[in-house]
Amino acid sequence: MTIGKLSGYRLMWIFVMFDLPVDSRANARAATKFREFLLDEGFEKSQFSVYARFCNGKEQFEAYMSRIEANLPSRGEIHILTFTDRQYENIIRFSGQRRRRRRKNPDQLALF
């Protein structure tokens, strides 16, 4: 089997951003359950209420979207953004008023 060249325009990043209410015990439980679901799906915490995951194309993105949609809490706001791997490389980060080095994209072979 020959592995074709992986394109930085086909490979994608998914960012899930959310603002979920925690004003009651039931809402706090639902918010925690959603965060744990994202972690179980391989998302990593990028910032508070912002989780990111790498995927290898539109088909895998659609599969994650279906699973996320099936696990949405009943209240709150959730936004999902996608970036190509090339676009992700251009994200500029600041921490403590200092510009940070760009994040390294995962190695291509890590997918297999």
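This is a short walk through one chain, from the overall layout down to a hairpin and two helices.

Before we start, a word on what we're looking at: this is a predicted model, where local features need pLDDT of at least 70, side-chain atom pairs count only at pLDDT 80 or more, and totals for chains, interfaces and linings use all residues. Residues are numbered from 1 along each chain as its sequence is written, and side-chain values use heavy atoms, with hydrogens and water left out.

Okay, the big picture. The chain has three helices and six strands, and reading from the N terminus they go β-α-β-β-α-β-α-β-β. When I say helix or strand, I'm talking about DSSP runs numbered from the N terminus: H or I with at least four residues for helices, E with at least two for strands.

Of the 112 residues, 29% are buried. Buried here is under 20% relative accessible area, exposed is over 50%, and partly exposed is in between, with a 1.4 Å probe and protein chains only. The accessible surface is about 8300 Å², and carbon and sulfur atoms hold 49% of that. Those areas come from Shrake-Rupley with a 1.4 Å probe, and for residues only the protein chains shown count as cover. As for contacts, meaning heavy atoms within 4.5 Å, take the ones with a separation of 6 or more: 68% of them join residues 24 or more positions apart.

Now the sheet. It's an open one with four strands in the order 2-3-1-4, and the pairing is antiparallel. Strand 2 and strand 4 (77-84) sit at the edges, each pairing on one side only. On average, neighbouring strands are turned by 30 degrees against each other, direction ignored. For pairing, DSSP has to find at least two bridges between the two strands. As a reminder, strands of a sheet pair through backbone hydrogen bonds, either parallel or antiparallel.

Let's zoom in on strands 2 and 3. They pair antiparallel over three bridges. Lys 45 has Tyr 51 as its bridge partner in strand 3, and Glu 44 has Ala 52. Together the two strands make a hairpin with two residues between them.

So what is the phi of Ser 49? It's near 65 degrees, a positive value in a residue other than glycine. Most residues other than glycine have a negative phi. Ser 49 is in the loop between strand 2 (44-47) and strand 3 (50-55). Is Ser 49 buried or exposed? Buried, at a relative accessible area of 16%. Setting aside neighbours within four places in sequence, Ser 49 touches Val 16, Met 17 and Phe 18.

On to helix 1, residues 25-40. Helix 1 packs on the sheet, touching strand 1 (12-19), strand 3 and strand 4, and its direction makes about 170 degrees with that of strand 1. For those angles, axes are lines fitted to C-alpha atoms, for helices over the stretch in contact, and the angle between N-to-C directions runs from 0 to 180 degrees.

Which residues of helix 1 are buried? Asn 27, Ala 31, Phe 34, Phe 37 and Leu 38. They cover an arc of only 120 degrees around the axis, so they end up on the same side of helix 1. That arc is taken from the directions from the helix axis to the C-beta atoms. The buried residues pack against strand 1, strand 3, helix 2 and strand 4. Flip to the face turned away, and you find the exposed Arg 25, Arg 29, Lys 33 and Asp 40. After helix 1 comes Gly 42, with a positive phi near 95 degrees.

Last stop, helix 2, residues 58-70. Helix 2 lies across strand 1, strand 3 and strand 4, at about 20 degrees to strand 1. The buried residues here are Phe 61, Tyr 64 and Ile 68. Their arc is only 65 degrees around the axis, which puts them on the same side of helix 2. In general, an α-helix has 3.6 residues a turn, so residues three or four places apart point the same way. The buried residues of helix 2 pack against strand 1, helix 1, strand 3 and strand 4, while the face turned away carries the exposed Glu 59, Glu 69 and Ala 70.
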